[in-house]
Amino acid sequence: MMASPAMISNFTQEWVETMKRWQLELFCIPTVVISLATFLVNPVLLMCIFLTRALRQETRYLLVANTLIADIIFLILNLITLTGNAAGAQIPWIVCELLTAVLVTAYCCAILTVTLMVVDTFAAVRWPLYYHDFLSPARTHCILVGLWVLAAIYPFTLMILVREDKESSLKKVPVCLALISLGFLQVKNIEAIYLYFFISALICAFLIFYCYIRLYMVTRTQGIWHSRFSRARVTVLAHGVLLLLYFAPGFVFTLELFVFQRDDVSHDVRVWISTVNACVLMLLPRALAPYLYGLRYREIAGTLIARLHRHKRLRQITFS
C-alpha cells in the first residue's frame with residue numbers, strides 16, 4: 001500500500017526540522033568541495049581516453065571511462081538534491097522519484113563496472129591468448145550498454161509499477177532523498193527493496209573475492225608477489241581500498257532502508273546516518289577513483305603528461 005501524501009509531507013517536514021536542529025546543512029560544504037575536486041579531474045581523464053585511439057581500443061580503459069561517467073552523473077544529481085534540500089527548495093514528489101531512479105542507476109552501474117574491472121583483469125591473466133579476440137572494442141561497448149540497462153531495470157521498473165494518484169505525484173516535498181523515495185515505494189513489502197541491494201552487493205563482492213583469490217593462485221609462482229612493495233601488491237591494495245569505499249556506502253544504505261520504518265530507532269539517528277552517508281561516504285570513492293583507477297595506469301598518465309607538454313609547447317610558440 002502506498003503512503004498517503006499527508007504521510008510523506010509529515011515525514012519530510014520532520015526530517016527538515018531534525019536537520020535544522022542539528023545544523024546538518026553544514027555537511028553540504030564537504031559535498032561541494034569533494035564534488036568540485038572530482039569534476040576537475042574526471043573530464044580530463046575521459047578526454048585522454050576518448051581522444052587517444054590506443055586507449056579507447058582497450059577494454060580496461062573503457063571500463064575506467066564508464067566508471068568515471070557513472071560517477072559524474074551520480075555526483076551531479078547528488079549535489080543538486082543535497083543543495084536543494086539545504087536551501088529548502090520544494091520539489092514535486094514525481095521529480096524526486098525520477099532523480100532517485102537515475103541516482104540508483106548511476107550508483108549501481110559504477111558498482112557493476114568496478115566488479116567487471118576485476119573480472120577483466122582476471123580474464124586477461126588467465127586466458128591471455130583468447131582475451132583480445134573475445135573482448136573486442138565492439139563487444140565491450142555492447143557489454144557497457146548492457147550494464148547501464150541492467151542497472152536501470154530495477155529502479156525504473158519500480159517507479160512504473162507503483163501506481164500513484166495525481167495528488168501524490170504533484171505533491172511538493174522539502175526534502176528529496178533516495179532513502180525517503182525508496183522507503184515510501186512499498187510494493188507488497190519494503191523487504192524486497194533492501195534485499196535487492198543487499199543480495200546484489202553480496203554477489204558482486206563474492207565475484208571480486210573469487211577473481212582475486214584465483215588470480216593469486218595462478219600468479220603466485222611468477223615472483224610478482226615476493227617483494228613487499230611490488231607493483232602487484234600495491235595495485236591489489238589500492239584496488240581493495242577503493243572497492244571497500246565503493247561497497248561500504250551501499251551496505252550502509254541497505255541498513256538505512258532496513259531501519260527506515262522501525263519505531264525502535266531514533267529519528268535523529270536515521271537522519272545522521274543518511275546525511276553522513278550521502279554527503280561523505282558515497283563521495284570518497286568517487287574522489288579517489290581518478291587517482292587509484294585512472295592515473296595509476298601508466299598509459300593514461302603518460303598520455304596526459306604528453307598532452308600537457310604539447311599544450312605548453314604550443315603556448316610557447318604562440319607567444320614567442
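Where is Leu135 found? The legends below, drawn from a predicted model, begin with this residue.

**Figure 1. Leu135 in the loop ahead of helix α7.** Leu135 is found in the loop between α6 (128-134) and α7. With a relative accessible area of 13%, Leu135 falls under the 20% cut-off and is therefore buried. Leaving aside residues up to four places away in sequence, Leu135 touches Thr59, Asp120, Thr140 and Ile143. One of these, Thr140, is itself a buried residue of α7. A distance label for this view may be placed between the C-alpha atoms of Leu135 and Ala124, which are separated by 9.6 Å and lie 11 residues apart along the chain.

**Figure 2. Helix α7 and its bend at Ile153.** Helix α7 spans residues 137-161, 25 residues in total. From the first C-alpha to the last, α7 reaches 36 Å, close to the 36 Å expected at 1.5 Å a residue. The helix nevertheless bends by about 40° at Ile153, and a proline, Pro155, follows within four residues. Pro155 is also among the buried residues of α7, together with Thr140, Leu144, Leu147, Ala151, Ala152, Leu158 and Met159. An α-helix has 3.6 residues a turn, so residues three or four places apart point the same way.

**Figure 3. The salt-bridge network of Glu58, Arg60 and Glu299.** Glu58, Arg60 and Glu299 are linked in a network of salt bridges. Side chains of opposite charge can pair when their charged atoms come close. In this network, the side chain of Arg60 meets that of Glu58 at 3.8 Å, N to O, and that of Glu299 at 3.6 Å, N to O. Because Glu299 lies in helix α14 (residues 298-319) and Arg60 in helix α4 (residues 59-87), this pair ties together parts that are 239 residues apart in sequence. Each member of the network is partly exposed: the relative accessible area is 26% for Glu58, 29% for Arg60 and 37% for Glu299.

**Figure 4. The salt bridge between Arg286 and Asp71.** The side chains of Arg286 and Asp71 meet in a salt bridge at 3.3 Å, N to O. The pair links distant parts of the chain, with Arg286 in helix α13 (residues 284-294) and Asp71 in helix α4, 215 residues apart. Both Arg286 and Asp71 are buried, whereas Arg60, also of helix α4, is partly exposed. The structure holds 4 salt bridges.

**Figure 5. A nonpolar surface patch including Leu195.** Leu195, Phe198, Ile199, Leu202 and Ile203 make a nonpolar surface patch of about 440 Å². Leu195 has its place in helix α10 (residues 191-219). Its relative accessible area is 39%, so Leu195 counts as partly exposed.

**Figure 6. The whole chain as context for the close-up views.** The chain has 14 helices and 2 strands. Buried residues make up 46% of its 320 residues. Of the contacts with a separation of 6 or more, 87% are accounted for by residues 24 or more positions apart. The chain exposes about 17,000 Å², and carbon and sulfur atoms supply 69% of this area.

Note on methods
Residues numbered from 1 in each chain as written. Predicted model: local features only at pLDDT ≥ 70, side-chain atom pairs only at ≥ 80, totals over all residues. Heavy atoms only, no water. Expected span 1.5 Å × (residues − 1). Bend = angle between axes of the 7 residues up to and from the residue. Buried < 20%, exposed > 50% of the residue type's maximum accessible area, 1.4 Å probe, protein only. Contact = heavy atoms within 4.5 Å. Areas by Shrake-Rupley, 256 points an atom, 1.4 Å probe, with all protein chains shown as cover. Patch = residues over 30% accessible without salt bridge, like charges linked within 9 Å, V, L, I, M, F, W, Y side chains within 5 Å.
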